[in-house]
Amino acid sequence: MRALDGKVAIVTGSTSGIGLGIARALAAQGCAIVLNGFGEAPTIARLRDELATEYGVRVVYDGADMARPEQIAAMVAHATAELGRVDVLVNNAGIQHVAPVHEFPVERWDAILAINLSAAFHAIRAVLPQMLERNWGRIVNIASAHGLVASVHKAAYVAAKHGLLGLTKVVALETATTGVTCNAICPGWVLTPLVQKQIDDRAAREGIPLAEAKRALLAEKQPSQEFVTPDQIGALTVFLCSEAAAQIRGATLPVDGGWTAQ
Ligand code: NAD
């Protein structure tokens, strides 16, 4: 028996980066997976087959756009119809845009708030009734160190991630006497396409090699000077899904190499 045999998880934004690491970690524990996110159809089909074969679990893909509430509700309905239930929801899909607040494109603000914050609300409201009915569920919101502290030029991202921590706490309180828990993980820098873009932009802006831009990015915020890995975030997600974590409720857990200890 594996820890999550028979359970079903939706992991939003799981075609890349942290979400893919979480999907792998849950699948390795026997959990059936709903993959979600953008990408080339053949790449997604390969990912789906790899996970299913490697871990012997059912894996379905739903391409719902997390900026679209009706597509989020349809994804939860699709997951329930295909796999019978949803026990674990990981709200992970996220985007970034970097600009001073007075130059921040309104369209980017709206998109970041929709995908990094409102999508979690829409997904939670769609899955919670069935979790409460079975009196078991795990909701894990992937926030950020930027849910706890701010940085310049990230108004939308910081606002959305702080908001996501607020939502996490409210859902945790509303489910406190049930078998459903809701928590947030707050990663520091993880080397994924989302961060690689910021490294590329920094190297171009400052006219420095990529390796130096990478070192500078870590040195500025992350005392360990090492990236967090998607596997480490996956392992914590699996722990939050365990019975040992049943009384961890409304927590905002930093995995940030010391970033927010400063
Ligand atoms: P990533 O760019 O590698 O992956 C993002 C995923 O979200 C992809 O699968 C992408 O297709 C999906 N996605 C984007 N827009 C979507 C939409 N509208 N609908 C559905 N899917 C969509 O990024 P990542 O670094 O793995 O980030 C994952 C989460 O972790 C984000 O919420 C991010 O804010 C958070 N995070 C990342 C870091 C880091 O250092 N990388 C640190 C803290 C928090």
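## Two domains in one chain

The protein chain splits into domain 1, covering 8-188 + 229-254, and domain 2, covering 189-227. Keep in mind as you explore that this is a predicted model. How far apart are the centres of domain 1 and domain 2? Taken over C-alpha atoms, the separation is 25 Å.

The two domains also touch. Domain 1 gives 14 residues to the contact, and domain 2 gives nine residues. Between them, domain 1 and domain 2 bury about 780 Å², and 63% of that area lies on carbon and sulfur atoms.

## A seven-stranded sheet

Now look for the strands. Seven of them make an open sheet, and following the sheet across gives the order β3-β2-β1-β4-β5-β6-β7, with parallel pairing. Which strands stand at the edges? They are β3 (59-62) and β7 (252-255); each has a single partner strand, so one side of each has no neighbour in the sheet. From one strand to the next, the twist averages 20 degrees. As a reminder from the textbook, strands of a sheet pair through backbone hydrogen bonds, and the pairing can be parallel or antiparallel.

Helix α2 (residues 41-55) packs on this sheet, where it touches β2 (32-36) and β3. The direction of α2 makes about 155 degrees with that of β3. Ala-45 belongs to helix α2, and with a relative accessible area of 25% it counts as partly exposed. The C-alpha atom of Ala-45 lies 8.3 Å from that of Tyr-61, although 16 residues along the chain separate the two.

## Strand β6, covered on both faces

Let us follow one strand, β6, which spans residues 180-187. On one side, β6 runs parallel to β5, and six bridges join the two strands. One pair to find is Ile-142 with its bridge partner in β6, Ile-185. Strand β6 also pairs with β7, again in the parallel sense, over four bridges. Here Pro-187 stands opposite Val-255 in β7.

Is β6 buried or exposed? Eight of its eight residues are buried, so β6 is largely enclosed by the rest of the structure. Both of its faces are covered. Val-180, Cys-182, Ala-184 and Cys-186 are buried on one side, while Thr-181, Asn-183, Ile-185 and Pro-187 are buried on the other.

## Ser-151 and its contacts

Next, find the loop between β5 (137-142) and α5 (155-174), which holds Ser-151. Is Ser-151 buried or exposed? Its relative accessibility is 16%, and buried means under 20%, so Ser-151 counts as buried.

Which side chains make polar contacts with that of Ser-151? One is the side chain of His-146, at 2.6 Å. Another is the side chain of Lys-221, at 2.9 Å. Lys-221 sits in the stretch assigned to domain 2 (189-227). Setting aside neighbours within four places in sequence, Ser-151 is in contact with His-146, Val-158, Lys-221 and Trp-259.

## Two residues with positive phi

The loop between β5 and α5 also holds His-153. The phi angle of His-153 is near 70 degrees, a positive value in a residue other than glycine. His-153 is partly exposed, with a relative accessible area of 39%.

Asn-135 likewise has a positive phi without being glycine, with a value near 55 degrees. You will find Asn-135 in the loop between α4 (106-134) and β5. It is partly exposed, and its relative accessible area is 43%.

## Ile-72, a buried helix residue

Our last stop is Ile-72, in helix α3 (residues 69-83). How much relative accessible area does Ile-72 have? The value is 0%, so Ile-72 is buried.

Which residues is Ile-72 in contact with, leaving aside its neighbours within four places in sequence? They are Ala-64, Asp-65, Met-66, Ala-119, His-122 and Ala-123. Finally, the C-alpha atoms of Ile-72 and Ala-126 are separated by 8.1 Å, with their places 54 residues apart along the chain.

Terms used: Residues numbered from 1 in each chain as written. Predicted model: local features only at pLDDT ≥ 70, side-chain atom pairs only at ≥ 80, totals over all residues. Heavy atoms only, no water. Buried < 20%, exposed > 50% of the residue type's maximum accessible area, 1.4 Å probe, protein only. Polar contact = N/O pair within 3.5 Å; in protein donor to acceptor, adjacent residues only side chain to side chain. Contact = heavy atoms within 4.5 Å. Pairing = 2+ DSSP bridges. Axes fitted to C-alpha atoms, helices over the stretch in contact; angles between N-to-C directions. Domains from an automatic or database assignment. Buried area = accessible area lost by both parts, 1.4 Å probe.
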